[in-house]
Amino acid sequence: MNARKRSLIQLALFSLILPGCTTKALYEDYRYQEEVSEILLSTDGKNIVFLGREFHYIMEAPATILSLTQSTLSQKIITRFGDFFVNEKNELHGTVEMTTMDTLSDHEFDLASSLGFRVLMGKIMRLELTVTGKRYTSNNIINPATNKYKLNKNQTISISAKPSSLENALKAPLTPITLAADGVLTLLTVALIPFVFLSIVLHQQK
(Lines give C-alpha, C1' and ligand atoms only; values in the text may rest on other atoms or scores of the structure.)
Protein backbone atom coordinates (compact mmCIF):
# COMPACT_ATOMS: atom_id res chain seq x y z
CA MET A 1 0.00 0.00 0.00
CA ASN A 2 1.50 3.34 -1.03
CA ALA A 3 1.71 6.39 1.23
CA ARG A 4 -1.23 8.19 -0.42
CA LYS A 5 -3.65 5.31 0.10
CA ARG A 6 -2.44 4.78 3.66
CA SER A 7 -2.96 8.44 4.59
CA LEU A 8 -6.43 8.53 3.04
CA ILE A 9 -7.47 5.37 4.88
CA GLN A 10 -6.15 6.80 8.15
CA LEU A 11 -8.19 9.97 7.61
CA ALA A 12 -11.31 7.94 6.86
CA LEU A 13 -10.88 5.81 9.97
CA PHE A 14 -10.24 8.87 12.10
CA SER A 15 -13.47 10.46 10.90
CA LEU A 16 -15.40 7.35 11.98
CA ILE A 17 -14.06 7.23 15.54
CA LEU A 18 -14.53 10.87 16.48
CA PRO A 19 -16.28 11.22 19.88
CA GLY A 20 -19.97 12.13 20.02
CA CYS A 21 -19.35 15.73 20.97
CA THR A 22 -17.75 16.30 17.57
CA THR A 23 -20.28 14.35 15.50
CA LYS A 24 -21.22 17.58 13.75
CA ALA A 25 -17.80 17.61 12.11
CA LEU A 26 -18.71 14.42 10.25
CA TYR A 27 -21.23 16.40 8.23
CA GLU A 28 -19.03 19.39 7.51
CA ASP A 29 -16.72 19.80 4.54
CA TYR A 30 -13.06 19.05 4.99
CA ARG A 31 -10.23 20.55 2.96
CA TYR A 32 -7.08 19.03 1.61
CA GLN A 33 -4.08 20.57 -0.09
CA GLU A 34 -2.98 19.62 -3.59
CA GLU A 35 0.30 20.67 -5.17
CA VAL A 36 -0.32 21.61 -8.79
CA SER A 37 2.71 21.41 -11.07
CA GLU A 38 1.00 22.05 -14.42
CA ILE A 39 -2.06 23.96 -15.63
CA LEU A 40 -2.92 22.94 -19.17
CA LEU A 41 -5.47 23.49 -21.93
CA SER A 42 -6.39 20.88 -24.52
CA THR A 43 -5.61 21.95 -28.08
CA ASP A 44 -9.27 21.52 -29.03
CA GLY A 45 -10.15 24.06 -26.35
CA LYS A 46 -12.49 21.67 -24.54
CA ASN A 47 -10.64 21.00 -21.30
CA ILE A 48 -8.60 22.69 -18.57
CA VAL A 49 -6.31 20.35 -16.65
CA PHE A 50 -4.62 20.62 -13.26
CA LEU A 51 -1.85 18.09 -12.71
CA GLY A 52 -1.37 17.51 -8.98
CA ARG A 53 0.91 15.22 -7.03
CA GLU A 54 -1.95 13.00 -5.84
CA PHE A 55 -4.70 13.67 -8.36
CA HIS A 56 -5.39 15.07 -11.81
CA TYR A 57 -8.36 17.42 -12.25
CA ILE A 58 -9.91 17.56 -15.71
CA MET A 59 -12.53 20.26 -16.27
CA GLU A 60 -14.66 21.31 -19.19
CA ALA A 61 -13.40 24.63 -20.53
CA PRO A 62 -16.12 27.27 -20.97
CA ALA A 63 -16.49 28.40 -24.59
CA THR A 64 -15.37 31.87 -23.50
CA ILE A 65 -11.89 30.56 -22.77
CA LEU A 66 -11.50 29.14 -26.28
CA SER A 67 -12.51 32.52 -27.74
CA LEU A 68 -9.95 34.25 -25.55
CA THR A 69 -7.10 31.95 -26.59
CA GLN A 70 -7.72 32.96 -30.19
CA SER A 71 -7.31 36.68 -29.50
CA THR A 72 -4.71 39.10 -28.19
CA LEU A 73 -6.79 39.34 -25.01
CA SER A 74 -5.11 36.15 -23.79
CA GLN A 75 -1.97 38.12 -22.98
CA LYS A 76 -3.85 40.83 -21.12
CA ILE A 77 -5.78 38.75 -18.62
CA ILE A 78 -4.98 37.68 -15.08
CA THR A 79 -6.69 34.39 -14.30
CA ARG A 80 -7.59 33.38 -10.76
CA PHE A 81 -8.80 29.87 -9.99
CA GLY A 82 -11.02 30.13 -6.93
CA ASP A 83 -12.79 27.68 -4.64
CA PHE A 84 -13.10 24.03 -5.68
CA PHE A 85 -15.33 21.29 -4.35
CA VAL A 86 -15.29 17.51 -4.91
CA ASN A 87 -18.33 15.35 -4.21
CA GLU A 88 -18.65 11.66 -3.36
CA LYS A 89 -18.59 10.75 -7.08
CA ASN A 90 -15.23 12.50 -7.60
CA GLU A 91 -17.07 15.20 -9.55
CA LEU A 92 -15.47 18.63 -9.35
CA HIS A 93 -16.77 22.16 -9.64
CA GLY A 94 -15.17 25.52 -9.04
CA THR A 95 -14.77 29.08 -10.23
CA VAL A 96 -12.46 30.90 -12.62
CA GLU A 97 -12.14 34.67 -12.31
CA MET A 98 -10.60 36.56 -15.23
CA THR A 99 -9.56 40.21 -14.96
CA THR A 100 -8.20 42.31 -17.81
CA MET A 101 -5.32 44.74 -17.62
CA ASP A 102 -6.02 48.42 -18.22
CA THR A 103 -4.14 48.43 -21.56
CA LEU A 104 -6.93 47.06 -23.75
CA SER A 105 -7.37 48.47 -27.23
CA ASP A 106 -10.86 49.59 -28.21
CA HIS A 107 -11.27 46.37 -30.21
CA GLU A 108 -10.17 44.23 -27.25
CA PHE A 109 -12.50 46.14 -24.95
CA ASP A 110 -15.43 45.51 -27.28
CA LEU A 111 -14.49 41.83 -27.59
CA ALA A 112 -14.28 41.43 -23.82
CA SER A 113 -17.69 43.09 -23.47
CA SER A 114 -19.19 40.69 -26.02
CA LEU A 115 -17.82 37.75 -24.03
CA GLY A 116 -19.53 38.86 -20.85
CA PHE A 117 -16.80 40.87 -19.09
CA ARG A 118 -18.07 43.72 -16.95
CA VAL A 119 -16.27 47.01 -16.31
CA LEU A 120 -14.68 47.48 -12.89
CA MET A 121 -12.85 50.74 -13.61
CA GLY A 122 -11.73 52.33 -16.84
CA LYS A 123 -10.73 49.44 -19.10
CA ILE A 124 -10.25 46.97 -16.26
CA MET A 125 -12.92 44.31 -16.72
CA ARG A 126 -13.81 41.07 -14.94
CA LEU A 127 -15.62 37.84 -15.71
CA GLU A 128 -16.36 34.93 -13.37
CA LEU A 129 -16.99 31.49 -14.81
CA THR A 130 -18.04 28.19 -13.27
CA VAL A 131 -16.15 25.06 -14.31
CA THR A 132 -17.05 21.43 -13.77
CA GLY A 133 -15.12 18.22 -14.22
CA LYS A 134 -13.75 15.16 -12.46
CA ARG A 135 -10.93 14.09 -10.16
CA TYR A 136 -8.63 11.25 -11.26
CA THR A 137 -5.84 9.49 -9.46
CA SER A 138 -2.45 10.46 -10.88
CA ASN A 139 -0.88 7.05 -10.19
CA ASN A 140 2.48 8.83 -10.60
CA ILE A 141 2.47 8.03 -14.32
CA ILE A 142 4.00 11.39 -15.29
CA ASN A 143 7.62 12.01 -14.46
CA PRO A 144 8.03 15.73 -13.61
CA ALA A 145 11.68 15.56 -14.69
CA THR A 146 10.62 14.90 -18.29
CA ASN A 147 7.57 17.13 -18.34
CA LYS A 148 8.40 20.27 -20.34
CA TYR A 149 5.18 22.03 -19.28
CA LYS A 150 5.95 22.07 -15.57
CA LEU A 151 5.34 25.39 -13.80
CA ASN A 152 8.40 27.26 -12.56
CA LYS A 153 7.01 26.86 -9.06
CA ASN A 154 4.40 24.41 -7.83
CA GLN A 155 1.17 26.03 -6.67
CA THR A 156 -0.90 24.75 -3.75
CA ILE A 157 -4.69 24.75 -3.90
CA SER A 158 -7.24 23.91 -1.22
CA ILE A 159 -10.07 21.64 -2.26
CA SER A 160 -13.23 21.17 -0.19
CA ALA A 161 -14.96 17.81 -0.06
CA LYS A 162 -17.61 15.93 1.87
CA PRO A 163 -16.38 13.40 4.47
CA SER A 164 -17.59 10.52 2.28
CA SER A 165 -15.16 11.73 -0.39
CA LEU A 166 -12.26 10.45 1.73
CA GLU A 167 -13.16 6.87 0.94
CA ASN A 168 -14.13 7.64 -2.64
CA ALA A 169 -10.77 9.30 -3.26
CA LEU A 170 -9.36 5.77 -3.16
CA LYS A 171 -11.79 4.82 -5.93
CA ALA A 172 -11.03 7.76 -8.21
CA PRO A 173 -10.56 6.51 -11.79
CA LEU A 174 -7.09 6.37 -13.27
CA THR A 175 -6.08 9.50 -15.16
CA PRO A 176 -6.60 9.42 -18.94
CA ILE A 177 -3.57 11.68 -19.37
CA THR A 178 -0.40 10.16 -20.78
CA LEU A 179 3.12 11.41 -21.45
CA ALA A 180 4.67 10.61 -24.82
CA ALA A 181 8.35 9.88 -25.33
CA ASP A 182 8.84 13.37 -26.80
CA GLY A 183 7.42 14.95 -23.64
CA VAL A 184 4.02 15.87 -25.11
CA LEU A 185 1.11 15.37 -22.74
CA THR A 186 -2.16 14.09 -24.19
CA LEU A 187 -5.71 13.73 -22.90
CA LEU A 188 -6.81 10.56 -24.67
CA THR A 189 -5.73 11.53 -28.21
CA VAL A 190 -5.75 15.33 -27.79
CA ALA A 191 -2.51 17.19 -27.06
CA LEU A 192 -2.27 19.46 -24.03
CA ILE A 193 -0.51 22.83 -24.01
CA PRO A 194 0.31 25.33 -21.24
CA PHE A 195 -2.56 27.57 -20.16
CA VAL A 196 -1.64 30.72 -22.08
CA PHE A 197 -3.10 33.58 -20.06
CA LEU A 198 -0.78 36.27 -18.78
CA SER A 199 -0.81 35.35 -15.11
CA ILE A 200 -2.35 32.56 -13.10
CA VAL A 201 -3.28 32.81 -9.44
CA LEU A 202 -4.52 29.81 -7.51
CA HIS A 203 -6.72 30.93 -4.65
CA GLN A 204 -5.76 29.30 -1.35
CA GLN A 205 -8.47 28.95 1.25
CA LYS A 206 -7.47 29.64 4.84
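This is a guided tour of a predicted model, stop by stop.

**The whole chain**

Start with the full chain in cartoon view. The secondary structure comes to four helices and twelve strands. Of the 206 residues, 43% count as buried. Among contacts with a separation of 6 or more, 70% are between residues 24 or more positions apart. Switch to a surface view: the accessible surface is about 11000 Å², and carbon and sulfur atoms account for 55% of this area.

**The largest nonpolar core**

Next, select Ile 48, Phe 50 and Phe 117. These residues have the most contacts inside the largest nonpolar core, which has 34 residues. To see where the core comes from, colour the elements that give two or more residues to it: β1, β2 (47-52), β3 (55-60), α2 (63-69), β4 (77-86), β5 (91-100), β7 (124-137) and β8 (155-161). The largest share, five residues, comes from β1.

Stay with Phe 117 and show what surrounds it. Not counting residues up to four places away in sequence, Phe 117 touches Leu 68, Ile 77, Met 98, Thr 100, Ala 112, Met 125, Arg 126 and Leu 127. Apart from the largest core lies another core, of nine residues; select Leu 40, Leu 51, Ile 58 and Leu 185, which are among them.

**Aromatic rings**

The chain has four aromatic pairs. Select Phe 50 and Phe 81 and look at the two rings. Their centres are 4.9 Å apart and their planes are at 85°, so the pair is edge-to-face. Phe 50 is in strand β2 and Phe 81 in strand β4, so this pair ties together parts that are 31 residues apart in sequence. Both Phe 50 and Phe 81 are buried.

Now move to Tyr 32, Phe 55 and Tyr 57, which ring pairs link into a cluster. Add Arg 135 to the selection: Arg 135 lies over the face of Phe 55, at 4.8 Å from the ring centre.

**From Phe 55 to Leu 174**

Keep Phe 55 in view and select Leu 174, in the loop between α4 (165-169) and β9 (177-179). The two residues are 119 residues apart in sequence, but their C-alpha atoms are 9.1 Å apart in space. Leaving out residues up to four places away in sequence, Leu 174 touches Tyr 136, Thr 137 and Asn 139.

**Ser 42**

Go to strand β1 (residues 30-42) and select Ser 42. Is Ser 42 buried or exposed? Its relative accessible area is 2%, so Ser 42 is buried. Which residues does Ser 42 touch, not counting residues up to four places away in sequence? They are Asn 47, Val 190, Ala 191 and Leu 192. With Asn 47 also selected, find its backbone nitrogen, which lies 2.9 Å from a polar atom of the side chain of Ser 42.

**Two loop residues with positive phi**

The last stops are Asn 90 and Leu 188. Asn 90 is in the loop between β4 and β5. Although Asn 90 is not a glycine, it has a positive phi of about 65°. Asn 90 is buried, with a relative accessible area of 4%.

Leu 188 is in the loop between β10 (185-187) and β11 (190-194). Leu 188 has a positive phi of about 60°, and it is not a glycine. At 64% relative accessibility, Leu 188 counts as exposed, whereas Asn 90 is buried.

Terms used
Residues are numbered from 1 along each chain as its sequence is written. This is a predicted model: local features need pLDDT of at least 70, side-chain atom pairs count only at pLDDT 80 or more; totals for chains, interfaces and linings use all residues. Side-chain values use heavy atoms; hydrogens and water are left out. Buried means under 20% relative accessible area, exposed over 50%, partly exposed in between (1.4 Å probe, protein chains only). A polar contact is a pair of N or O atoms within 3.5 Å; within protein, one must be able to donate a hydrogen and the other to accept it, and residues adjacent in sequence count only if both atoms are side-chain atoms. Contact means heavy atoms within 4.5 Å. A nonpolar core is a set of buried Ala, Val, Leu, Ile, Met, Phe, Trp, Tyr and Cys residues joined through side-chain atoms within 4.5 Å. Accessible areas come from the Shrake-Rupley method with a 1.4 Å probe; for residues, only the protein chains shown count as cover. Rings of Phe, Tyr and Trp (its six-membered ring) pair if their centres lie within 6.5 Å; planes under 30 degrees apart count as stacked, over 60 as edge-to-face and the rest as tilted. A charge sits over a ring if NZ of Lys or CZ of Arg is within 6 Å of the ring centre and within 35 degrees of the ring normal.
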